[in-house]
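Me: I would like to learn how to read a few features of a model. Could we take them one at a time?

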Amino acid sequence: MKQVTKSRAAGLTIGALSRRTGCNIETIRFYEKQGLVPAPPRTEGGHRVYDGTHLQRLGFIRRSRDLGFTLEEVRALLRLADGHHTCAEVQALALEHLDSVRRKIADLQHLERTLSETADRCTGGDVPDCPILDTLFSGTCDPTAR
């Protein structure tokens, strides 16, 4: 992983690190507990002191999470980044994630079609019959089934 010079981010408090990365303070602590971010040194008063390495690593995690990678996938990416890796190994993980994203998109498109078709069947009138409620009570996601 490309290293950031410590002079640019030496001595950051957790609040400053949070602001710089856009990560919530509790999220930073969670990532530390999960071993995704190394525990920072502490001052004599017990305050955490973060540096450029923490800033860079949290940025990496944040961007990975923004792309929908799970914590386990992020952990795997970090292992690859921290050790000896090939681009093919990173690509394989990314392509696996891409397949998952495409499946989710297909599921959402099916959901959108079902909701659209069901809503289109509803007149919105004052009658007690409601195709939307009928579909929900039927236990099927097929709007044409009754």
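**Reading the fold and surface**

Reply: In the protein chain, 50% of the contacts (heavy atoms within 4.5 Å) with a separation of 6 or more are between residues 24 or more positions apart. This is a predicted model, where local features need pLDDT of at least 70 and side-chain atom pairs count only at pLDDT 80 or more, while totals for chains, interfaces and linings use all residues. Residues are numbered from 1 along each chain as its sequence is written, and side-chain values use heavy atoms, leaving out hydrogens and water.

Me: How many helices and strands does the secondary structure of the protein chain come to?

Reply: Helices (H or I, at least four residues) and strands (E, at least two) are DSSP runs, numbered from the N terminus. Here there are seven helices and zero strands, in the pattern α-α-α-α-α-α-α along the sequence.

Me: Is cysteine 130 buried or exposed?

Reply: Buried means under 20% relative accessible area, exposed over 50%, partly exposed in between (1.4 Å probe, protein chains only). Cysteine 130 has 17%, so the residue is buried. Cysteine 87, at 66%, is exposed. Of the 146 residues in the protein chain, 31% are buried.

Me: How many disulfides does the count come to?

Reply: A disulfide is a pair of cysteine sulfur atoms within 2.5 Å. The count is zero. For cysteine 130, the nearest cysteine sulfur belongs to cysteine 122 and is 4.2 Å away.

Me: Where does isoleucine 132 lie?

Reply: Isoleucine 132 is in helix H7, residues 131-138. With a relative accessibility of 33%, isoleucine 132 is partly exposed.
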